[in-house]
Amino acid sequence: MATLTAKENSLHPTAHAVDFGALARLALSAVLPLAAFGAANFLAEAAGLQPHFFSPAGLPGWAGAAIHLVLLFSVGLASGLAANKNGNVLPWGIALVAAMIAFPFPAAALDSLALALVMTTVLLLALATSLRVATASPLGGWLMLPLLVWVGFGAALGLAVAAAWSPPFALINAQNPAPAAS
């Protein structure tokens, strides 16, 4: 003897509620670093400072600036995604954004070794922030990856250039006066 069972199927699709507050916070966290960079650029230009961006392999300066702005946007977005799940990530994201905003302005005044060391410091801060972001939000971790590649390449290139132009005896040679021109 067979038994029939009636099963009720709902033909009404379930409506997904959209949290507009979370979307607005996420959009704000992505755009706020760009606005902060614009304000810093405005103030620095009023003081007579110009930012200098990392543009390797013959890229024009504007390409380095565009990459820098895209990276600021992605760091803000990644920090916003992670901060929605873990509020402890937010100070690290703010510190990284502040370092990225401040870095291009004193870059021209630094020698190659100091520039490479500052870039390495920004890389270490980016790595620490990326690890915290990735544990809170996997998508945020993926958004941080281009920053790690770009800043890592810049730090490695800067350290290689500093090592190539600073032999171990550079301090001894630097103290000798240059020969007189004849």
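User: Which helix gives the most residues to the lining of the largest pocket?

Analyst: Bear in mind that this is a predicted model. Three helices, α1 (20-46), α2 (61-85) and α3 (90-102), each put at least two residues into that lining. With 7 residues, the top contributor is α1.

User: And what volume does the largest pocket have?

Analyst: Start from the middle of it: S29, L32, P33, L90 and I94 are the closest to the centre, out of 18 lining residues. By class, the lining splits into 11 nonpolar, 6 polar and 1 charged. The volume of the largest pocket comes to about 320 Å³.

User: Okay, on to the second largest pocket. Which helices each supply at least two residues of its lining?

Analyst: This pocket holds about 250 Å³ of space. It has 15 lining residues, and the closest to its centre are F54, L115, M119, G154 and G158. The helices that each supply at least two lining residues are α4 (112-136) and α5 (138-165).

User: How many charged residues are in the lining of the second largest pocket?

Analyst: Go through the classes one at a time. Nonpolar residues number 10 and polar ones 5. For charged residues in this lining, the count is none.

User: What about enclosed space: which residues lie nearest the centre of the largest cavity?

Analyst: The count comes to 1 cavity of 30 Å³ or more, and the largest cavity has a volume of about 150 Å³. Helices α2, α4 and α5 each give two or more residues to its lining. That lining has 11 nonpolar and 3 polar residues, with no charged ones. Of the 14 lining residues, those nearest the centre are F54, H68, F103, M119 and W150.

User: Now the surface. Is L139 buried or exposed?

Analyst: L139 is found in helix α5. Together with W142, L145 and V149, L139 makes a nonpolar surface patch of about 460 Å². The cut-off for the top class is over 50% relative accessible area. L139 has 52% relative accessibility, so it counts as exposed.

User: Zooming out, what pattern does the protein follow along the sequence?

Analyst: Count the elements before reading them off. There are 6 helices and 0 strands. Read along the sequence, that gives α-α-α-α-α-α.

User: Last one: what percentage of the residues count as buried?

Analyst: For this call, a residue needs under 20% relative accessible area. The protein has 182 residues to judge that way. The share that counts as buried is 31%.

Conventions: Residues numbered from 1 in each chain as written. Predicted model: local features only at pLDDT ≥ 70, side-chain atom pairs only at ≥ 80, totals over all residues. Heavy atoms only, no water. 1 Å grid on protein atoms, 1.4 Å probe; cavity = no way out; pocket = protein on both sides within 12 Å on 5 of 7 lines; lining within 4 Å. Points joined across faces, edges and corners; volume = space filled by probe spheres on them. Helix = DSSP H or I, 4+ residues; strand = E, 2+ residues; numbered from the N terminus. Nonpolar A, V, L, I, M, F, W, Y, C, P; charged D, E, K, R; others polar. Patch = residues over 30% accessible without salt bridge, like charges linked within 9 Å, V, L, I, M, F, W, Y side chains within 5 Å. Areas by Shrake-Rupley, 256 points an atom, 1.4 Å probe, with all protein chains shown as cover. Salt bridge = Lys/Arg side-chain N within 4 Å of Asp/Glu carboxyl O. Buried < 20%, exposed > 50% of the residue type's maximum accessible area, 1.4 Å probe, protein only.
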